Amino acid sequence: MTQSLTLRRPDDWHLHLRDGAMLRAVLPETTRHFGRAIIMPNLVPPVVTGSDAAAYRDRITDALPADADFTPLMTLYLTEQTDPDDVAAAAESGLISAVKLYPAGATTNSASGVKDFDKVRAVLERMAEIGLPLCVHGEVTDPDIDIFDREAVFIDRVLDPIRRATPGLRTVMEHITTSNGVDYAKSQDNLGATITTHHLIINRNHILVGGIKPHYYCLPVAKREEHRLALRAAATSGDARFFLGTDSAPHTDPNKENSCGCAGCFTATNTMSLLAHVFEEEDALDKLEGFTSLNGPAFYGLPVNETTLTLTKGEAIVIPEKIISEEGPVTVFDPGFPVNWHVS
Ligand SMILES: NC(=O)N[C@@H](CC(=O)O)C(=O)O
Ligand SMILES: [Zn+2]
Ligand SMILES: [Zn+2]
């Protein structure tokens, strides 16, 4: 008996497309399966103003494959100089769907992020007024906080105070990696949380046991097994606060396989097959459509996609090991086990 599953076309609520040659190489990997994606603004230099976002959106649109049915949902990179009026104008014109908060130094290309949260208060208040979501990379950067504790400490020291100071601010905890993140998301209103494909599959042992695996290194770094299980429970629960954000983040192999390797897993190519595998393991295939295609649009106040995507179970899938860009090869996330779900 062939097993097959038809879903509303999915969206990716956290995606890195980069720019130039890398953008052209990775964009088809997303547009093949996804209808929309929240496009992360951490370019060099970052996408800071409305006019930056309009120009970046045009570069993405120009790079789209001819037959693609894909809408990039743009974001602005919050800095201490961000102008509330510019944000409001970009939101009101429909140009942007969210603003992204990176604590300065927390992750790839976050040097222009926020150090003093008082300096962005006026922007956050304006966003709360107009209902524009804030997407948050939730890790503290204090050198004295262990990297495995940085998400939990961020929730207590930064996220919760920001939310108390800015009632009504719609917030997305991006790429949560801990049971602390799951618990906080469940305790709040006006709060959503994205979960990546890879954090449902790997724990910190996968990165470190039997030799260091640079292609499993991302930020926030994968945590203990108990946290992976909490993420799986949240993603497969049907709770509409949790939705897919792949955080697919291309870096070339030389930049990953390096004495100071970049953080990021590239999952755009095989995410839907991997998620079907995970949801089947959790006996929750009936919850996959909510996670990939319904909960995200509901949070962002957008209609669900009209078209569908069908997954069929068969022989193990064969996907390219690497995507080739003019900047160099990008290794596709390898879960380390056979996956039998095909996107047809
Ligand atoms: N997730 C990652 O490990 N890397 C992302 C940045 C981010 O999302 O934090 C990237 O831009 O490479
Ligand atoms: Zn991040
Ligand atoms: Zn990211």
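**A walk through the sheet, starting at lysine 100**

Let us begin at lysine 100, which sits in strand β5, residues 96–101 (helices, H or I of at least four residues, and strands, E of at least two, are DSSP runs numbered from the N terminus). This is a predicted model, in which local features need pLDDT of at least 70 and side-chain atom pairs count only at pLDDT 80 or more, while totals for chains, interfaces and linings use all residues. Residues are numbered from 1 along each chain as its sequence is written, and chains are lettered from A and ligands numbered from 1 in the order in which they are written.

Is lysine 100 buried or exposed? Lysine 100 is buried, because 26 other C-beta atoms lie within 10 Å (buried means 20 or more such atoms within 10 Å of the residue's own, exposed 12 or fewer, partly exposed in between, with C-beta atoms placed from the backbone). By contrast, valine 44, in the loop between β3 (36–39) and α2 (50–63), counts as exposed because it has 10 C-beta neighbours inside 10 Å.

Now step back to the sheet. Eight strands form an open sheet in the order β2-β3-β4-β5-β6-β7-β8-β9, with parallel pairing (two strands pair if DSSP finds at least two bridges between them). β2 (12–15) and β9 (242–244) stand at the edges with a single partner strand each, so one side of each has no neighbour in the sheet.

Within this sheet, strand β4 (residues 71–77) pairs with β5 in the parallel sense over four bridges. Here threonine 75 stands opposite alanine 98 in β5.
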